[in-house]
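User: I'd like to walk through this fold with you, going from the overall layout down to single residues. Can you take my questions one at a time?

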Amino acid sequence: MEYRGWNIAPDFGPTPDRSQDYEFYHPDFDGPGDRRHGRAASVRDCMMLIDEFLDTVEKPTDEPTKQQRADK
């Protein structure tokens, strides 16, 4: 399924630990070091973690963008 542009998929591994039954990732995920990937116990937990991630990286700022600085 897709949520806010991210993919969420079940991944029921052979272990009895159900805390990581779902995987979520952004389509632009680049591998190790890229924080746009994770695991959680449920779809709802994945959605919550995606929301938390987006809330931290999408906060409005008063800083000018790179393009705004170049236009000056």
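What follows is a set of questions and answers about this model, which is a predicted one.

User: Let's start simple. How many helices and strands does the protein have, and what pattern do they follow along the sequence?
Analyst: Sure. The secondary structure comes to 2 helices and 4 strands. Reading along the sequence, you get the pattern β-β-β-β-α-α.

User: What order do the strands take in the sheet, and which ones are the edge strands?
Analyst: The sheet is open, has 4 strands and pairs them antiparallel, in the order S1-S2-S3-S4. An edge strand pairs on one side only, and that description fits S1 (2–3) and S4 (37–40). The edge strands are S1 and S4.

User: How many bridges join S2 to S3, and which residue stands opposite alanine 9?
Analyst: S2 and S3 run antiparallel, and the number of bridges joining them is 4. Across from alanine 9, in S3, stands glutamate 23.

User: And S1 with S2: how many residues lie between them in the hairpin?
Analyst: S1 and S2 pair in the antiparallel sense over 2 bridges, with tyrosine 3 standing opposite tryptophan 6 in S2. The two strands form a hairpin, and the number of residues between them is 2.

User: Which residue in that turn has a positive phi, and what is the angle?
Analyst: Most residues other than glycine have a negative phi. Arginine 4, in the loop between S1 and S2, has a positive value despite not being glycine. As for its surroundings, it counts as partly exposed because its relative accessibility is 42%. So the residue is arginine 4, and its phi is near 55 degrees.

User: Where does H1 lie relative to the sheet, and at what angle does it run to S2?
Analyst: H1 lies across S1, S2, S3 and S4. Taken against S2, its direction is at about 155 degrees.

User: What's in the largest nonpolar core, and which element gives the most to it?
Analyst: That core has 10 residues: Tyr3, Trp6, Ile8, Tyr22, Phe24, Ala40, Cys46, Ile50, Phe53 and Leu54. Elements giving two or more residues to this core are S2 (6–10), S3 (22–25) and H1 (43–57). With 4 residues, the one that gives the most is H1.

User: Which residues does tryptophan 6 touch, leaving out those up to four places away in sequence?
Analyst: Tryptophan 6 is one of the core residues. Among its contacts, Phe24, Ile50, Phe53 and Leu54 are also listed in that core. The full set is Met1, Phe24, Tyr25, His26, Pro27, Arg36, His37, Ile50, Phe53 and Leu54.

User: Histidine 26 shows up there. Which backbone nitrogen lies 3.0 Å from a polar atom of its side chain?
Analyst: Histidine 26 sits in the loop between S3 and S4. Setting aside neighbours within four places in sequence, its contacts are Gly5, Trp6 and Arg36. The backbone nitrogen at 3.0 Å from its side chain belongs to aspartate 28.

User: Is aspartate 34 buried or exposed, and which side chain does it join by a polar contact?
Analyst: Aspartate 34 is also in the loop between S3 and S4, and it touches Asp28 and Phe29 once neighbours within four places are left out. Its relative accessibility is 17%, so it counts as buried, given that the cut-off is under 20%. The polar contact is 2.6 Å long, and the partner side chain is arginine 36.

User: Why do glutamate 2 and arginine 44 count as exposed?
Analyst: The cut-off for exposed is over 50% relative accessible area. Glutamate 2, in S1, clears that because its value is 58%. Arginine 44, in H1, clears it as well because its value is 69%.

User: How far apart in space, C-alpha to C-alpha, are glutamate 2 and phenylalanine 24?
Analyst: They're 22 residues apart in sequence. In space, the C-alpha to C-alpha distance is 9.2 Å.

User: Last one: what share of the residues is buried, and how much area does the protein expose?
Analyst: Out of 72 residues, the buried share is 21%. Carbon and sulfur atoms supply 51% of the exposed area, which totals about 5,600 Å².

Technical notes: Residues are numbered from 1 along each chain as its sequence is written. This is a predicted model: local features need pLDDT of at least 70, side-chain atom pairs count only at pLDDT 80 or more; totals for chains, interfaces and linings use all residues. Side-chain values use heavy atoms; hydrogens and water are left out. A nonpolar core is a set of buried Ala, Val, Leu, Ile, Met, Phe, Trp, Tyr and Cys residues joined through side-chain atoms within 4.5 Å. Buried means under 20% relative accessible area, exposed over 50%, partly exposed in between (1.4 Å probe, protein chains only). Contact means heavy atoms within 4.5 Å. Accessible areas come from the Shrake-Rupley method with a 1.4 Å probe; for residues, only the protein chains shown count as cover. Two strands pair if DSSP finds at least two bridges between them. Axes are lines fitted to C-alpha atoms, for helices over the stretch in contact, and angles run from 0 to 180 degrees between N-to-C directions. A polar contact is a pair of N or O atoms within 3.5 Å; within protein, one must be able to donate a hydrogen and the other to accept it, and residues adjacent in sequence count only if both atoms are side-chain atoms.
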